[in-house]
Amino acid sequence: MNDRDPIPLSTSLDGVVRSLRGPSRETVGGLFGRWDEAVGAQVAEHVQPVKLDGGVLVVEVDDPAWATQVKFLGGTIIERLAEVAEVRVDRIEVRVDRRNARGARRDR
């Protein structure tokens, strides 16, 4: 293989991810691709993963009540992500998406 041969996109992406010292492409794909299966449909309807950085999973919820729920379910979510998506998460950070929160003002 010489420098002018095409490089598969997956190889290029792996190189970029490694240079950023982030999780592997497989880890990110497993986390985002299998989120619904790992957490269940009801949780997935209200809680979405945003990013994984150094073992910290940032999730966004559509209602403050779900932020509380995620805090109670945190250990279970971490276990399920390890089992289903083979992703290691040390802790979960929760953010409320006020734009989508129930009862939030809608633009008229």
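Trainee: Which residues does L81 touch, not counting residues up to four places away in sequence?

Mentor: In this predicted model, L81 touches L31, W35, A38, L57, E86, V87 and V89, with residues up to four places away in sequence left out of the list. Contact here requires heavy atoms within 4.5 Å.

Trainee: What makes L81 stand out in the largest nonpolar core?

Mentor: That core has 21 residues, and L81 belongs, with W35, V47 and L57, to those with the most contacts inside it. Two or more residues each come from α3 (35-39), α4 (41-46), β1 (47-53), β2 (56-61) and α5 (64-85), and the element that gives the most is α5, with seven residues. As a general background, nonpolar side chains in soluble globular proteins tend to be buried together.

Trainee: How do you know that β2 and β3 pair, and in which sense?

Mentor: Pairing asks for at least two bridges between the strands, and β2 and β3 (residues 91-96) are joined over six bridges in the parallel sense, so the requirement of at least two is met. One of the partners in β3 is R91, which is bridged to V56. Together with α5, the strands β2 and β3 make a β-α-β unit that is right-handed.

Trainee: Why is the contact between D90 and R88 called a salt bridge?

Mentor: The cut-off is 4 Å between a side-chain nitrogen of Lys or Arg and a carboxyl oxygen of Asp or Glu; the closest N and O atoms of D90 and R88 are 2.5 Å apart, and therefore the pair qualifies as a salt bridge.

Trainee: Why is R88 called exposed, and why is D90 called partly exposed?

Mentor: Exposed means over 50% relative accessible area, and partly exposed lies between 20% and that value. R88 has 57% relative accessibility, so R88 counts as exposed, whereas D90 has 48% and is therefore partly exposed.

Trainee: What joins R91, E93 and R95 into one network?

Mentor: Salt bridges that share partners do so. The side chains of E93 and R91 meet at 3.7 Å, N to O, and R95 forms a salt bridge with E93 whose closest N and O atoms are also 3.7 Å apart; because the limit is 4 Å, each pair qualifies. The relative accessibility is 45% for R91, 30% for E93 and 39% for R95, and each of these residues counts as partly exposed.

Trainee: How many salt bridges are found in the whole structure?

Mentor: A search of the whole structure finds five, among them the pair of D90 and R88.

Notes. Residues are numbered from 1 along each chain as its sequence is written. This is a predicted model: local features need pLDDT of at least 70, side-chain atom pairs count only at pLDDT 80 or more; totals for chains, interfaces and linings use all residues. Side-chain values use heavy atoms; hydrogens and water are left out. A nonpolar core is a set of buried Ala, Val, Leu, Ile, Met, Phe, Trp, Tyr and Cys residues joined through side-chain atoms within 4.5 Å. Buried means under 20% relative accessible area, exposed over 50%, partly exposed in between (1.4 Å probe, protein chains only). Helices (H or I, at least four residues) and strands (E, at least two) are DSSP runs, numbered from the N terminus. A crossover is right-handed if, with the strands pointing away from the viewer, the path from the first strand over the helix to the second runs clockwise.
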